[in-house]
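Okay, thanks for coming, everyone. I'll put the model up and walk through a handful of spots in it.

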Amino acid sequence: IDAVAGNSYHEFGKVEQNLSVENGRVVFEKNSEINGNVVIPKTATGVAIQSITEQSIFIDNQSTANVKISTSGNSGSVFVSGNAENIESDGANIVKPMFVSDANSFVSAMEGGNANIVLNGSFTIPNNVTITIPEGNEVILDLAGYTVTYATTDNGLITNNGSLTINDSSKGRGAFDVERRLLTNNGYAVINGGKYTSHSKTGGTILFNEIAGTLIVNDCYIYDFWNFAIANGGGTVIINGGEIHSISSNEISGWCYAVRNEAGHMEVNGGEIYGIQGALAISGGTAVINDVHCETEEGNPKSFYALYIAGEYSGNSVIVNGGTFIGGYRNAVLVGNKNDGGIGAPAAAVFNGGTFTGAEGSPAVVVSDGGDNDYGRGMLQVTGGDYSSDMAGYCAYGYTCVREGDRYIVKAE
């Protein structure tokens, strides 16, 4: 944006990605929504930002020229990264970067109100120290390539009741290495990159989203040795890319899939999910899977399903629009579970696309016919996709399953 000759650019709608401002005055009106950063490039001159929206905005200032920022009314805070020395505030609540390199400073900053934290060293949090972000507080954390270690098996580290964003400006070197849980989310949390590892045999789900929470995970590497890497207990979870692993199985601990939705809603948009017990489980609630690679360990009799859809906690509804699902030892997908399906509620799924491959000798998809009193019944309707076994019995009206080589393709008649 280049607003010249005294004119201004007024934003009334939604900014989905970063907005670059090189010159002039930009006004974010009351009902506008900014999901990316406001980037002020090195070449910028004469930039003024006015925020009227109640939402906080995030400014990545790469310029050395003066930048004037003003807010009014109930405007949210303005978080600044990059060069904060040339920022001129006209009544704005500006949250400048706070560089921390030790555990005490980190804990104080995380709990001390609105904060813009940048790590300046790796450190270990003392055992049994926990962090709570209160409702109404907003915390931005940049791992900046450093590692935070938390070795206690008694507690999770962070409970978020407010707003938490974790970034890694090093693009992959920053990390949390915890023994048990990293985050219990009751508020709004966004995880942008970084590496996250948990080692505990009990309660070690790295990212757990509660019923009131919204959790967005973007391009992260997550490795859980014993439990779920990500679990949704009733709120909303959105996974965008990244690589997620769990080596839990019925042999060593937990019977945990790498990712589980037990209630609420989950959306998966790309990325890779690997597990032994299983990769992705929708055991309650609703889910939309637009794209993902899900795979269980090849040749391991402890491996179960790349995608498991069953009403263990409540009836569920799942839409699969795309992705790749590979069963390493048995079928790739199970819909419904009449043998061990929790409360045994119905499980319904629609497959509009995707590639589904069972292990040698196993079908791509198995649908439970229900046990006594229809316990664990599965229901499947297919309108598209590429399968390693015949899906003719599940095609929706107006669709057919055609064999092409050793594959079965579902398409419109």
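Ala 144 sits in the loop between strand 17 (138-142) and strand 18 (147-150), where strands are DSSP E runs of at least two residues, helices are H or I runs of at least four, and both are numbered from the N terminus. Before I go on, the housekeeping: this is a predicted model, so local features need pLDDT of at least 70 and side-chain atom pairs count only at pLDDT 80 or more, while totals for chains, interfaces and linings use all residues. Residues are numbered from 1 along each chain as its sequence is written, and side-chain values use heavy atoms, with hydrogens and water left out.

Back to Ala 144. What is its phi? About 55°, so to speak on the positive side, although Ala 144 is not a glycine. Most residues other than glycine have a negative phi. With a relative accessible area of 21%, Ala 144 is partly exposed; the classes are buried under 20%, exposed over 50% and partly exposed in between, with a 1.4 Å probe and protein chains only.

There's another residue of that kind, Asn 373, with a positive phi near 60° and again no glycine. Where is Asn 373? In the loop between strand 39 (365-367) and strand 40 (378-382). Asn 373 is exposed, at 81% relative accessible area.

Now the whole thing. The protein has 1 helix and 43 strands. Its radius of gyration, taken over C-alpha atoms, is 24 Å, close to the 22 Å that the globule rule gives for 413 residues, so the protein is as compact as a globular protein of that length. That rule is 2.2 Å times the number of residues to the power 0.38. Along the principal axes, the C-alpha atoms fill a box of roughly 70 × 55 × 35 Å. Of the 413 residues, 54% count as buried. If you look at contacts (heavy atoms within 4.5 Å), residues 24 or more positions apart account for 53% of those with a separation of 6 or more. The accessible surface is about 16900 Å², and 45% of that belongs to carbon and sulfur atoms; that's Shrake-Rupley with a 1.4 Å probe, and for residues only the protein chains shown count as cover.

Let me zoom in on two buried spots. Val 333 is in strand 36 (residues 333-335), and with a relative accessible area of 0% it is buried. Beyond four places in sequence, Val 333 touches Leu 307, Phe 325, Phe 351, Phe 356, Ala 364, Val 365 and Val 366. How far is Val 333 from Ala 144, C-alpha to C-alpha? They are separated by 39 Å, with their positions 189 residues apart along the chain.

Ser 51 is the other one, in strand 7 (residues 45-51), and at 1% relative accessibility it counts as buried. Ser 51 and Ser 75 are 24 residues apart in sequence but 6.5 Å apart in space, C-alpha to C-alpha. Contacts of Ser 51 outside its neighbours within four places include Phe 28, Ile 57 and Ser 75.

On to charges. Lys and Arg count as positive and Asp and Glu as negative, with His and the chain ends not counted. Each charge is placed at NZ of Lys, CZ of Arg, CG of Asp or CD of Glu. There are 20 positive and 43 negative charges, and their mean positions are 1 Å apart.

Side chains of opposite charge can pair when their charged atoms come close. How many salt bridges does the structure hold? It holds 5, a salt bridge being a side-chain nitrogen of Lys or Arg within 4 Å of a carboxyl oxygen of Asp or Glu. One of them joins Asp 386 and Arg 407, with the closest N and O atoms 2.6 Å apart. That pair links distant parts of the chain, 21 residues apart: Asp 386 is in strand 41 (residues 385-387) and Arg 407 in strand 43 (residues 407-412). Asp 386 is partly exposed at 23%, whereas Arg 407 is buried at 17%. Another is Asp 374 with Arg 377, at 2.7 Å.

Last stop, Asp 224, in strand 27 (residues 221-224). Asp 224 is buried yet has no salt bridge, and the nearest side chain of opposite charge, Arg 181, is 8.2 Å away. Among the residues Asp 224 touches, more than four places off in sequence, are Ser 198, Thr 205 and His 245.
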